[in-house]
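Student: I have a model to go through and want the reasoning behind each label. Can we take the labels one at a time?

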Amino acid sequence: MNVSTLAIIGFVMVCVFMYLIMSKRLSAMNALILVPLLFGIGLGLAGMAPLGKLGSMVMDGIRKAAPTGIMIMFAILYFGTMIDAGLFDPLINKILKVTHGDPLKVIVGTALLAGIVSLDGDGATTYMIVTSAMLAVHKRIGINPIILPTVAIMQNGVMNILPWGGPTGRVMSALGLDASQVFVPMIPGMVVGTIWVMFWAYLLGMKERARLGTVTMAEAAAAQEYVVELDEDSAKLKRPHLFWANLGLTALLMAALVSDKFPLAVLFMVGTALALMINYPNLKTQQELIMKHGMNAIPTVSLVVSAGVLMGIMSGTKMVDAMANSLTSSIPASMGSHIALITALAGLPFDYFLSNDAFYFGIVPILAKTAANYGIGAAEIARASLIAQGCHLLSPLVASTYLLCGMSGVTLGDLTKSALLPSIGTSLVMLATALALGLFPI
C-alpha cells in the first residue's frame, strides 16, 4: 500500500467525519463509530488492511479511551452531589451579600461565582445558576446586560479545561493520555487565566461604577439568597450540617489529584462513593441522584468511548502514521520544531469554527503524530491544543452558549462583540504561562 494513498484516504475520512457532524447529518457519537468502521471495512475489502483484525483494532481503541470515560462520569457525579448538598452555597450567598449595590463588586462576584459553579464541568448548569443568582442584581443596579454573560462565558472558558469538562477528556482519549500528563501541568495556566478574567471583570466593574455610582438597594435585595434553595426538591437535598465534612473530602480529593499518586478515575470513583454515603445514606436517594447527574455525564462519556473506535481504526490501519508522514513532508524543516506553538495558535480559529469533536478527534491526533517525528510528545501537543479553550465557547457551534444568551436576554452577536477579544486574551495569557513553564517547546 502506497503511504501517500493511505494518507489521502485518511484525510478523506477525517473530512467526511467533520462534514457529517458539522452539517448535523450525523451526531458526533454516530459519526465516531460508523465513519471509521465503514472506511476500515473498505480498506479491508480492498486488501489494504487486515479485515479480520478490525474488531481487535476497535477494542484496542476503546480500552485506551475507557479510563478517561470513567473519570469524566464519576467527576460529574461527584461535583453534582456536592452542589446538591450545598457545599458551595455559603460562598455563593456570601458573594451575593457583600456585593450590595456596588457594580464593581457585583461584576467581580459574578465572575467568581461562575468559576465556582463551573467546577462541575457542565456549561449549561453554570449558566443557569449564575444567571438565576445574579441577573436580578445586575438589572436592579442597571449594569449593562452584556456584562453578566461576558464574564460568565470567559470564566467558563478557563474552567472548561477541567478533564471532566469535555475538551481535555476528548484529547486524552484521542491521544491515549491521562490527566497527570495533560491536565495537571495546565493548572498554573488556568490560575493565570482566572486572574485575567477577574482583571477584566474589574475593568468592566470600574467602568460601570463610574457610569452608575453605587446604587442603594433594599436589604432584602442586597441579601438575596441563592435562588436554587427556593426550589422545594433542591432544598430537601441540602446538607448544611455536613459542610465541613464535604469541604474536607473535596480538599483531600484535590490534593490527591495534584499529587498524582492515584489514577484520576479511581480518585473520583472513591470520592463519589464517599460523597453519596456521607450526604445521602438512603439508597433510593442515591439512585435518584445518580440518575439525575448521569444524564449530564452520558453525552460526554459516550463521545469519549466512541472516539476509541475512530482512534483504534486510524492507528490499527496505519492511517494516522501515513497522514502524519504526509504532513511532516509538507512542513519546512525550519518550522518542524515549532509545531506545538503552531498547534496552540492555529487552535484559536480551528476550535472556533470547528466543534470540539472535529478538532480533538479529527485534527489533533494528526498533529500529534506529525510532532512525534520532531521529537515532540503527544502530551505536549495535547496541552498546546487546549490553549484555544479560552475562546471556544463563543463558537456558534456550542449549544450552551445559546442558553446563556437566552437567559441573559442578549444576542450571540452582541456577546461575541463583547467577549471575543478578551477571551482571545485569556488564551494568550495561558499560552504565555505554558511557554514560561515549558509545557511545550516554542
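Tutor: Start with the cysteines. This is a predicted model, and a search of the whole structure finds zero disulfides.

Student: How do you know that Cys405 is in no disulfide?

Tutor: A disulfide needs two cysteine sulfur atoms within 2.5 Å. For Cys405 the nearest cysteine sulfur belongs to Cys391, 16 Å away. That distance fails the cut-off, so Cys405 is in no disulfide.

Student: Why does Cys405 count as buried?

Tutor: Buried means under 20% relative accessible area. Cys405 has 5% relative accessibility, so the label applies.

Student: What makes a set of residues a nonpolar core?

Tutor: The residues must be buried, of the listed nonpolar kinds, and joined through side-chain atoms within 4.5 Å. The largest such core here has 133 residues. Trp164, Phe268, Met314, Met319, Ile381 and Phe440 have the most contacts inside it. Helix α3, residues 54-85, gives the most to this core, with 14 residues. Another core, of five residues, lies apart from it and includes Leu237 and Tyr280.

Student: Which residues does Phe268 touch, leaving out those up to four places away in sequence?

Tutor: Met71, Phe74, Ala75, Tyr78, Phe79, Trp164, Leu253, Met254 and Leu257.

Student: How do you know that the span of α2 is close to the expected one?

Tutor: Helix α2, residues 28-45, has 18 residues. At 1.5 Å a residue, 26 Å is expected, and α2 reaches 26 Å from its first C-alpha to its last. Buried residues in α2 include Leu32, Val35 and Leu43.

Student: What is the sign of phi at Gly47, which follows α2?

Tutor: Positive, near 75°.

Definitions and conventions. Residues numbered from 1 in each chain as written. Predicted model: local features only at pLDDT ≥ 70, side-chain atom pairs only at ≥ 80, totals over all residues. Heavy atoms only, no water. Buried < 20%, exposed > 50% of the residue type's maximum accessible area, 1.4 Å probe, protein only. Helix = DSSP H or I, 4+ residues; strand = E, 2+ residues; numbered from the N terminus. Contact = heavy atoms within 4.5 Å. Expected span 1.5 Å × (residues − 1).
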